[in-house]
Amino acid sequence: MTTIRREVLTLPAASLGPDNPLPPLRPLDEAHRIDDRDRAGLPRDMARQVDHEPLRSLLPVMVRDGYDRTRRARELDALVIENDRLRATVLPALGGRIASLRHKPSDRELLYVNPVLQPANFALNGAWFSGGIEWNIGATGHTTLSCSPVHAARVPAPDGGEMLRLWEWERLRDLPFQVDLWLPEGSDFLYVGVRVRNPHERPVPTYWWSNIAVPEERRVLTPADEAYHFGYERRLRRVSVPEYDGIDRTYPLNSTYAADYFYDVPDGRRRWIAALDEHGHGLAQTSTDVLRGRKLFVWGTGPGGRRWQEWLTEPGTGGYCEIQAGLARTQLEHVGLDPESEVSWLEAYGPLEARPDGDWHTVLRGAEERLEEALPRADMDTAYEAWRAHADTEPGERLADGSGWGALEVLRADLKLPGTPFDASTLGEEQEPWLHLLRTGTLPEGGPHEPPGPTLVARPWRDMLETTAATPLAEYHLGIAQWHAGDRAQAVRSWERGLVGAAERWPLLRCLAAADQAGGHPERAAEQYAEAFDDLCAHRPEAADETDEAGGDDRWTAVAAALGREAIGALLAAGRTADARAVWERLDPATRDRGRFRLAEGELLAAEGRTEEARALFDGGFEVADLREGDESIGALWARLGDEPLPARHDFRMRPDGD
């Protein structure tokens, strides 16, 4: 019989730290954009979905960049679902990630299990970690829920046993979703039922990819003869499978550079993908046909890919690749979800033994036959229908709590979402001012020296902000909502109105500075940033003076670091090096010691002409914990300082030179 139990997983883990308190007003830093030259010749549905409402902003989600790279033993709450054949370990506080899937009869781990928890800047909003199976919803990229809690509970399973339900409210698209995991008695496959609902009276773009990390010493099999290749040079090319440029790319270690291979699985073929080692042992993932896409991601064997592999775990622990399954052919696409509708499917994960080497079609035929023996395609369809009858079943014992944002939306719109209750008991401090606005029509003022907190930007909340009393705080939030809606001129007017009578001007000044940057006014942006940082320092809490040497008051430190980082960049861009230095000097020592700020110091020293001192920073060593995938700023600074090759420890380049 299947059991579900709590467990504590102890890992060397870095601290997530505080979220960035500044609203993300800049355009989304998204690497997965298609070159216009590659649009011609795309299948009609694919071309339409590539252009279907790509994400423009992270709002209302905040950036998570407060993590570090100092790991110590930490306890993580885990939920284990197990039968006599499989054991799956789930991390409800980290997006519901399946951290491990172990096949008990063979005593084999089917996934790549990261021995550490090291956040890195790969999620849409920053913090993400590698390993296991993750559920990506929202928009192109790793979900903003990568390092956030989800709700979890026991629910009756279709076979009379128990299943583990995970659910949350995805805030980028305002969509509730659920993931149901269960193990039929005697099954070698973990069943995963997924449902995404659109409870609104308008169509909403949606996105889903299940990402599965497996050791990279594998051959990846899926029923396709062609794929769309997408690399960090941002070109989409149709290539043959298994060979591309004379090299069999179904072996991840045969690629030099990081790349995506989106397989074109023909209509009518069973949807599956597998990764097998040299002995023919490995993992298979299959699904009902709605989850049509299959993909392989490789880091490649180049120095940048190897450096990223080490960065995400520990040297000597082995690398990984990802096999993935999604709603569309590629991750460049978003699928429309009609008003008051839903999309659902069933996935299955389990062991597969088949011959991995040899002629492509012979290997595929053999693997598909073995998969059909282990889990017939017809059985998947039957299991899906059985699960759908239980998808609305109300959860039983609660095992973990997610955020309170779903509860707030349920209250606002009086939503009925059977099977995924968003209880008022989950409302917390972040939701409190918005709950007050919903119930009274007024937005309460925050305490002194506190950041304003996150802003809700959906149209119903924007309407409420437009009718509430025009306090500086309300004008601040209204401007952010207007900015998100694309009404930038009105957003600027709201922020300018808010400055009148504002006791603390820095939040509004920073928004105006970001608007000037976006509008192509670097000098004006630099001036606004300088004034904002001056105002922040003028309102510095007295307690911070006494604690700065140890890191400062947490809220002060987080705000000063975020605003200081933006201000230094803006001032350097405007050629105001002395003013950038003045901002740097007012940051507390603990902030200046962080890798991101060591890099900023190097750029500041280079701008001051102090090349040798900037080189000394590299010689002393630093690590930019929140370095973004594809970010080449370290290499660019190094190139300004001399002609020597970039040291390997700083080489994170993910594309060929010159591309």
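So, the second largest pocket: in this predicted model, there's about 860 Å³ of space in there. Who sits around it? Forty-one would be a lot to read aloud, so here are the ones closest to the centre, out of the 41 lining residues: L172, R202, V457, A458 and H484. If you'd like to find the wall by its elements, look at β13 (204-206), α5 (405-413), α7 (459-467) and α8 (472-484), since each of those gives two or more residues to the lining. And what kinds of residues are they? By class, the lining of this pocket has 23 nonpolar, 14 charged and 4 polar residues.

Okay, on to the cavities. How many are there of 30 Å³ or more? The count comes to 4.

The largest cavity has a volume of about 80 Å³. Going round its lining, you meet H449, E450 and P451, then E504 and W506, then L536, H539, R540 and P541, and finally R555, W556 and V559. Which helix gives the largest share of that lining? That's α13, residues 554-573, with 3 residues. Sorted by class, the lining of the largest cavity splits into 6 nonpolar, 4 charged and 2 polar residues.

Now the second largest cavity, where you have about 40 Å³ of space. The residues lining this one are A227, V239, S240, V241, P242, R249, T250, Y261 and Y263. Two strands to pick out here are β17 (236-240) and β20 (259-263), as each supplies at least two residues of the lining. By class, we get 6 nonpolar, 2 polar and 1 charged for the second largest cavity.

Last thing, a pair of helices. Find α16, residues 595-607, and α18, residues 633-641. Their axes come within 11 Å and cross at roughly 30 degrees. So do we call them parallel or perpendicular? An angle under 35 degrees counts as roughly parallel, and therefore α16 and α18 are roughly parallel to each other. As for the handedness, α16 passes α18 in a left-handed crossing.

Let's see who actually touches. On the α16 side, the contact is made by R596, L599, G602, E603, A606 and A607. On the α18 side, you've got S633, I634, L637, R640 and L641. Put the residues of that contact into classes, and they come out as 6 nonpolar, 3 charged and 2 polar.

If you want something to try on screen, colour R596, E603 and R640, which belong to the contact between the two helices, and see where they sit.

How values were computed. Residues numbered from 1 in each chain as written. Predicted model: local features only at pLDDT ≥ 70, side-chain atom pairs only at ≥ 80, totals over all residues. Heavy atoms only, no water. 1 Å grid on protein atoms, 1.4 Å probe; cavity = no way out; pocket = protein on both sides within 12 Å on 5 of 7 lines; lining within 4 Å. Points joined across faces, edges and corners; volume = space filled by probe spheres on them. Helix = DSSP H or I, 4+ residues; strand = E, 2+ residues; numbered from the N terminus. Nonpolar A, V, L, I, M, F, W, Y, C, P; charged D, E, K, R; others polar. Axes fitted to C-alpha atoms, helices over the stretch in contact; angles between N-to-C directions. Parallel < 35°, antiparallel > 145°, perpendicular 65-115°, else oblique. Left-handed = near helix turned anticlockwise from the far one by under 90°. Contact = heavy atoms within 4.5 Å.
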